[in-house]
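Subject: A structure for you to look at

Hello,

I am handing over the structure we talked about, and I hope you enjoy exploring it. Please open it first, and then read on for what was found.

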Amino acid sequence: CIHVVYFYRELRGNPSDVELWLELINIQDGLRQQRTEDDSSRLFTEQNITEKKIAIITQAITKNPSSLQLKVSLSCISWTIDFIMRKVFSSKKFYNF
């Protein structure tokens, strides 16, 4: 949580720092690992982390519309979501009641 505050403070002062935006996006994955230590926390579900990453990338692209790196990051997350959804909905288990 302290790390996130640091990133937002730094980005407020320098919103064009694409590398810092990418680091902020990547530390969201660390929150998933924290969940295993405190299983009662529902704040860090896969869906919540993905939604947060998309929100951060969207904000970053708004501040840096010409950044190819940020656009690729958004595409990668979108592709991952699409891949997971196809796997879930194509699963025979999904349709068995």
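Does V18 count as buried or exposed, going by its relative accessibility? V18 counts as buried, because its relative accessibility is 16% and the cut-off for buried is under 20%. Please keep in mind throughout that this is a predicted model.

**The overall picture**

The protein chain has five helices and zero strands, so the pattern along the sequence reads α-α-α-α-α. Of its 97 residues, 24% count as buried. The chain exposes about 7300 Å², and carbon and sulfur atoms supply 58% of that area. Among the contacts with a separation of 6 or more, 47% are between residues 24 or more positions apart.

**V18, L70 and the core**

Back to V18, which has its place in helix α2. Its C-alpha atom is 7.5 Å from that of N64, although the two residues are 46 residues apart along the chain. Leaving aside neighbours within four places in sequence, V18 is in contact with N64, S67, Q69 and L70.

L70 is a good residue to click on next. Not counting residues up to four places away in sequence, L70 touches V18, W21, L22, I25, I57, A60, I61 and N64. L70 also belongs to the largest nonpolar core, which has 14 residues; W21, L24, I25 and L70 are those with the most contacts inside it. Helices α1 (2–13), α2, α3 and α4 (68–90) each supply at least two residues of this core, and α2 gives the most, with six residues.

**Two more residues of α2**

Q28 also has its place in helix α2. With a relative accessible area of 4%, Q28 is buried. Apart from residues up to four places away in sequence, Q28 touches I49, K52, K53 and I56.

I27 lies in the same helix, α2, which covers residues 18–37. I27 is partly exposed, at a relative accessible area of 28%. Its contacts, again not counting residues up to four places away in sequence, are H3, V4 and F7. For I27 and V4, the C-alpha to C-alpha distance is 8.2 Å, with their positions 23 residues apart in sequence.

**An aromatic pair**

How many aromatic pairs does a search of the whole structure find? The search finds one. The pair is Y6 and F7: their ring centres are 5.4 Å apart and their planes are at 70°, so the pair is edge-to-face. F7 is buried, with a relative accessible area of 7%, whereas Y6 is partly exposed, at 38%.

**The two faces of α3**

Helix α3 (residues 46–63) has 18 residues, which at 1.5 Å a residue should span 26 Å; its end C-alpha atoms are 26 Å apart, so the expected and modelled spans agree. Which residues of α3 are buried? They are I49, T50, K53, I56, I57, A60 and I61. These residues cover an arc of only 135° around the axis, which puts them on the same side of α3. The face turned away from that buried side carries the exposed residues Q47 and T62.

Happy exploring, and do write back with any questions.

Best wishes

Technical notes
Residues are numbered from 1 along each chain as its sequence is written. This is a predicted model: local features need pLDDT of at least 70, side-chain atom pairs count only at pLDDT 80 or more; totals for chains, interfaces and linings use all residues. Side-chain values use heavy atoms; hydrogens and water are left out. Helices (H or I, at least four residues) and strands (E, at least two) are DSSP runs, numbered from the N terminus. Buried means under 20% relative accessible area, exposed over 50%, partly exposed in between (1.4 Å probe, protein chains only). Contact means heavy atoms within 4.5 Å. Rings of Phe, Tyr and Trp (its six-membered ring) pair if their centres lie within 6.5 Å; planes under 30 degrees apart count as stacked, over 60 as edge-to-face and the rest as tilted. The expected span of a helix is 1.5 Å times one less than its number of residues. The arc is that of the directions from the helix axis to the C-beta atoms. A nonpolar core is a set of buried Ala, Val, Leu, Ile, Met, Phe, Trp, Tyr and Cys residues joined through side-chain atoms within 4.5 Å. Accessible areas come from the Shrake-Rupley method with a 1.4 Å probe; for residues, only the protein chains shown count as cover.
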